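Here is a quick walk through one structure, written for someone who would rather be at the bench. Keep the 3D view open as you read.

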Amino acid sequence: MILELENICFERDNKKILNNINLQIDLGKFIAITGPNGSGKSTLVKMIMGIEKPDSGKIIFDGKDITNMEINERAKLGISFGFQQPVKFKGITVYDLLKISANKKITKKEACEALAKVGLCAKEYVDREVNGSLSGGELKRIEIATVALRQTKLTIFDEPEAGIDLWSFNNLIDVFQTMSEITKGTTIIISHQEKILEIADEIILMKSGKIKEIGTSEEILNKEIKNKGCCQKRECKI
Amino acid sequence: MESKNLNEIDEQLLSEVSNLENITKGAYNIRKNGKGVERQVTENVNIVTKKDVSGIDIYVKENTKFEFIHIPVIITESGLKDLVYNDFHIGKNANVIIIAGCGIHNDHHKDAEHDGIHRFYLEEGAKVRYIEKHYGEGNGDGKRILNPVTEVYLKAGSSLEMESTQIKGVSSTIRETKGVLEKDTNFVVTEKIMTDGKQYAKTIFDVQLNGENSSTHVTSRSVATGDSKQEFISKIYGNEKCFAHSECDAIIKDNAIVTAVPEITANNVEANLIHEAAIGKIAGEQLIKLMTLGLSEKQAEEEIINGFLR
Ligand SMILES: Nc1ncnc2c1ncn2[C@@H]1O[C@H](COP(=O)(O)OP(=O)(O)OP(=O)(O)O)[C@@H](O)[C@H]1O
Ligand SMILES: [Mg+2]
């Protein structure tokens, strides 16, 4: 087991954002988290990275209690995190960010290769600043490149598909799969994309701060999503 | 460079404010403790000592292409107050890079001060890139004071791009930059300042856009830490069909204080003037992102500041 959450609770403004979450995840698994907007998905993964701290409960990573550890200590232990909304900087270039991510000296050529993998024509981007002049999709790809370079035991992506066109997204799925083959680690992806849900070993379905269901893609997709009105075409009556 | 007039401290100071290897490639004038100590002129660039006041006149012939001119100043004497006038006369269609800078080394308790007045007269079509670097060092409690004045007069079709940097060791500085722009001219100013301890830095920009299609772009990026204080004042007057953009972006830490006073005045209906100012601490999300990549909070802060001031 690589990750274990025990009785995680998080409450703000009298609202139970995470309501007693218990979860166990094995090494090498490809896990998808899905569920309605506001159900607590981002909050849950932020707990794992240390960006938010739980009010109560315990987080065990690779046998160690990391509940009170800082973000960077967790990063060093082997957790990576791709943000739902990539962070912008002033003056820091794509190359700078990739160098920090790789945590070793990488050449411009290596940085370019990392960019090419996420579908960016590297030469045009490597020296650009990671600021608002980049489009949403470009920022998102750079974000994914920074995470993929780290090659850690546990990699988390928060809605990597957001802002990326569908055609490119199919190629990005390859990136996620190759990454987990190389690292032999665990990938947790928050997603609403059917394609990702289909390839996941397990799907965690969240609702109102709770884990509603865990199962294989067939189980969850058929039972919970396809059969409910939410994903079917609405019928229009004229 | 080898010189009997310069010792090790001098060379160290010089290397902080200019690129030593490049100095000797073009015209240069090195001033130390209030006196000129080294000079070289070229076929296209002449340097003449002023008779009435302390300083030099630099003459660049018209059509001179891509020459470097270095005019560094170093001060190693505590208690010295140096006032100098450097006037640049840039001929028609000349294109040169001018590197000025002042390094102060003060190991004693008396103040050391350098007030440099730089005036640029650009003839039609001339192009100048002006790079100015300020640096202070030394263990004394004497202050290291730099008060540069820059005046830029642009004739039709000319342009000047100025980069000024003051990252370390200057106790007090008041920088005044003035531009008077005629038709089809462009004046770009980029300033980078970092203060700490009890340092004080004030910047005043005054740009008069007098000619049709004149434009200016003023960018100030600064970091204020410790108990330091910074003021940014910019006054831009659009007197013709023109364009101006001024931007002040400051990061504050600890007990530092930053004031930004933007003033834009349009005296013509075709003047298009924009001012942006932002002051704030380092964005929490930037720190968090870098920490998820394994940096400590302190390392993350350094990366963010280094990038910001680059
Ligand atoms: N620090 C906070 N203070 C107050 N409310 C919060 C805080 N953090 C999250 N919330 C609330 O908790 C709920 C869950 O937020 P979260 O971002 O985890 O949802 P999500 O499942 O990721 O949604 P989406 O699909 O829209 O990304 C939301 O209602 C949000 O407004
Ligand atoms: Mg979310």
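What follows covers a helix, its packing partner, a metal site, the cores and one glutamine.

## Ground rules

This is a predicted model, in which local features need pLDDT of at least 70 and side-chain atom pairs count only at pLDDT 80 or more, while totals for chains, interfaces and linings use all residues. Residues are numbered from 1 along each chain as its sequence is written, chains are lettered from A and ligands numbered from 1 in the order in which they are written, and side-chain values use heavy atoms, with hydrogens and water left out.

## Helix H4 of chain A

Start with H4(A), residues 108–117 (helices are DSSP runs of H or I, at least four residues, and strands are runs of E, at least two, numbered from the N terminus). Its buried residues are Ala111(A), Cys112(A), Ala114(A) and Leu115(A) (buried means under 20% relative accessible area, exposed over 50%, partly exposed in between, with a 1.4 Å probe and protein chains only). Looking down the axis of H4(A), these fall within an arc of 160°, so they line one face of the helix (the arc is that of the directions from the helix axis to the C-beta atoms). Lys109(A) and Lys117(A) are exposed on the other side.

The buried residues of H4(A) pack against helices H3 (94–102), H5 (122–125) and H6 (136–150) of chain A. In the H3(A) pairing, Val94(A), Tyr95(A) and Leu98(A) meet Lys108(A), Ala111(A) and Leu115(A) of H4(A) (contact means heavy atoms within 4.5 Å).

## The magnesium site

Which protein donors does the magnesium ion (ligand 2) have? They are Ser42(A), through OG, and Gln84(A), through OE1, lying 2.0 to 2.4 Å from the ion (donors are N, O and S atoms within 2.8 Å of the metal, or 3.2 Å for Na, K and Ca; water is not among the atoms, so sites may look incomplete). Ser42(A) sits in helix H1 (residues 41–49) and Gln84(A) in the loop between strand S6 (79–82) and H3 of chain A, so the pair ties together parts that are 42 residues apart in sequence.

Ser42(A) is buried, at 19% relative accessible area, and Gln84(A) is partly exposed, at 31%.

## A glutamine from chain B

Gln286(B) belongs to helix H3 (residues 284–292) of chain B and is buried, with a relative accessible area of 13%. Not counting residues up to four places away in sequence, Gln286(B) touches Val87(A), Lys88(A), Phe89(A), Lys90(A) and Ile304(B).

## Nonpolar cores

The largest nonpolar core has 55 residues, and Phe89(A), Leu115(A), Phe176(A), Ile196(A) and Leu290(B) touch the most other members (a nonpolar core is a set of buried Ala, Val, Leu, Ile, Met, Phe, Trp, Tyr and Cys residues joined through side-chain atoms within 4.5 Å).
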